[in-house]
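Please open the model in your viewer and follow the stops below in order, selecting each group of residues as it is named. Each stop says what to select and what is found there.

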Amino acid sequence: MRKWFSLLSVRQRLWLILSVLIITFIFSIVVVMNSSKKEMASETFSMDMSIQEIAPKFGVTGKALARELNLDLDAPKTKPLRELGIKKGTLKHAVEHLLSHKDSTLKYYIFAALVFWGIIFLVKLGRPEKSDVKNRRDWYPRTPYILSLFLSVIMAGFFLGKSPNPMEGLVKVFKSMIGLYPDPMAKVVAFGFFIILAVIGNKMICGWACPFGALQELIYSLPILRRIKQKKLPFILTNTIRAGLFLTMVLFLFGIIGGRKGFVIYHYINPFNLFNLDLESVSILLTVIIVLGGSFIIYRPFCQFICPFGLVSWVAEQFSIFRIRIDKDKCTQCGACIKACPLEAAKGIVEGKKMPADCFSCARCLNVCPVDAIKYSSKFEKGITK
Ligand code: SF4
Ligand code: SF4
């Protein structure tokens, strides 16, 4: 890290200082604004109120509240809950769950700031200007990335809670389609925000900003069990499972399987609950334990096997502006980057596949190429042939 810093040009140091100042400013604003946020007390709701009276307070439709109360989506919306046979405990649980999903708008700034920092680091700073390939081991030091991951876990995770997050952003669009939100367009815009961040920098929202992705990345980065970690899972297997789960979610949500609209599989395995310290559900607790335990030897198991946003952003990243690029004229096919990559992404890129496996912009491959054929750059940059 020290060597890397000493190799930076004056221009790069200015970029570094400017980026750190911008990020510190954004984070400070978020902390200040968050402290003035008021929580909605669950006691405000009583059994004499109707679905129609309660639902708007959470920004959801009557159908969505009916689903939370374990009723059919078309249950009466004007009758008092008492008459619908709702128990106090059910109401309390529904209120707590809806509160936990209330978006913290401030978190969008954190996501954007972390992606901005990731791009600046990968494109402008990681590789010191005029530094020779002999110094490549000093390029792209891990510390700035690890710090960024910690910031994501702390700020976009435990400090601001589980919502919004990229996975939820996608699922809410589908839930809007069956009338669970009064403002479907707002859900589309929120999802669009995440997709744009995935397209600007190759899956940067997942690689640098998503708090649960960051937690898995931090665990995987621990310098232990290195031999086991070298084994990579076939992308065809992980992506098929991830896509199969997504399809199953859609079929259940629309009532094509199960016959009851509104059932969301991901709700039962949502690891983002961890950031609200809400692990009362056994299935969620098990998911968190298995995924975080698995992260010691498998790279981002939740992202690879389960996350629907991981699936959709894999498609989106094929159009990304900044990404790993290989100069085919220089590449000797030595396989150094393929070995460094925790997934099959580098292999697919080197082989020139049309749709290589997910690349999380983790930078592991950027300082191993002996002939300087690999770069993180814009697709509009000249001189890079792939
Ligand atoms: S794929 Fe991983 S990093 Fe991306 S949104 Fe899902 S959990 Fe987060
Ligand atoms: S090591 Fe693999 S996942 Fe990481 S940036 Fe390189 S190609 Fe992408």
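Begin with the shell around ligand 1, to which helix 8, helix 11 (211-220), helix 15 (301-305) and helix 16 each supply at least two residues. This is a predicted model, and the tour should be read with that in mind. To display the shell, select Pro-166, Met-167, Cys-206, Cys-210, Phe-212, Gly-213, Arg-300, Phe-302, Cys-303, Cys-307, Phe-309 and Gly-310, which are the residues around ligand 1. Coloured by class, these residues divide into 9 nonpolar, 2 polar and 1 charged.

From this shell, extend the selection along helix 8, residues 166-177. Does the length of helix 8 agree or disagree with what its 12 residues should span? At 1.5 Å a residue the expected span is 16 Å, and the end C-alpha atoms are 18 Å apart, which agrees. Helix 8 is mostly covered, with 9 of its 12 residues buried; these are Pro-166, Met-167, Glu-168, Gly-169, Leu-170, Val-171, Lys-172, Lys-175 and Ser-176. To see what they pack against, add helix 9 (184-200), helix 10 (204-209) and helix 16 (308-316).

Both flanks of helix 8 deserve a look at the backbone. In the loop between helix 7 (142-159) and helix 8 lies Pro-164, and the peptide bond that leads to Pro-164 from Ser-163 is cis, with omega near -5 degrees. Helix 8 is followed by Gly-179, whose phi is positive, near 80 degrees.

Next, select helix 16, which is also mostly covered, 7 of its 9 residues being buried. The buried residues are Pro-308, Phe-309, Gly-310, Leu-311, Val-312, Ser-313 and Trp-314, and what covers them includes helix 8, helix 9, helix 10, helix 13 (235-253) and helix 15. Two of the residues to pick out again here are Phe-309 and Gly-310, which are also among the residues around ligand 1.

Now colour the chain by its domain assignment, which gives domain 1 (2-36 + 104-316), domain 2 (42-100) and domain 3 (322-378). The centres of domain 1 and domain 3, taken over C-alpha atoms, are separated by 21 Å. Their contact takes 24 residues from domain 1 and 18 residues from domain 3. On the side of domain 1 that touches domain 3, the elements giving two or more residues are helix 6, helix 10 and helix 16, and the residues of that side divide into 14 nonpolar, 6 polar and 4 charged.

The interior comes next. The largest nonpolar core has 79 residues, and those with the most contacts inside it are Leu-114, Val-115, Ile-205 and Ala-209. Helix 6 provides the largest share of this core, 12 residues. Why is this core said to lie between domain 1 and domain 3? Both domains give residues to the core, so it lies between them. Centre the view on Ala-209, which, leaving aside its neighbours within four places in sequence, is in contact with Phe-111, Leu-114, Val-115, Ser-152, Ala-156 and Met-204. Apart from the largest core lies another, of 15 residues, among them Ile-51, Ala-55, Val-60 and Leu-69.

Move on to strand 1 (residues 322-326), where Ile-326 is found. With 22 C-beta neighbours inside 10 Å, Ile-326 counts as buried. Add Ala-373 to the selection: the C-alpha atoms of Ile-326 and Ala-373 are separated by 5.6 Å, although the two residues are 47 apart along the chain.

Then turn to ligand 2, whose surroundings comprise 13 residues, of which Cys-341, Cys-359, Cys-362, Arg-364 and Cys-365 come nearest. By class, the shell around ligand 2 has 11 nonpolar, 1 polar and 1 charged residues.

Two backbone details complete the tour. Most residues other than glycine have a negative phi. Asn-70, in the loop between helix 4 (62-68) and helix 5 (88-100), instead has a positive phi of about 60 degrees, and with 12 C-beta neighbours inside 10 Å Asn-70 counts as exposed. Lys-130, in the loop between helix 6 (106-125) and helix 7, has a positive phi of about 65 degrees. Is Lys-130 buried or exposed? Lys-130 counts as exposed, with 7 C-beta neighbours inside 10 Å.

Note on methods. Residues numbered from 1 in each chain as written. Chains lettered and ligands numbered in written order. Predicted model: local features only at pLDDT ≥ 70, side-chain atom pairs only at ≥ 80, totals over all residues. Helix = DSSP H or I, 4+ residues; strand = E, 2+ residues; numbered from the N terminus. Expected span 1.5 Å × (residues − 1). Buried ≥ 20, exposed ≤ 12 C-beta atoms within 10 Å, placed from the backbone. Contact = placed C-beta atoms within 7 Å. Near = placed C-beta within 6 Å. Nonpolar A, V, L, I, M, F, W, Y, C, P; charged D, E, K, R; others polar. Domains from an automatic or database assignment. Core = buried A, V, L, I, M, F, W, Y, C linked by C-beta atoms within 7 Å.
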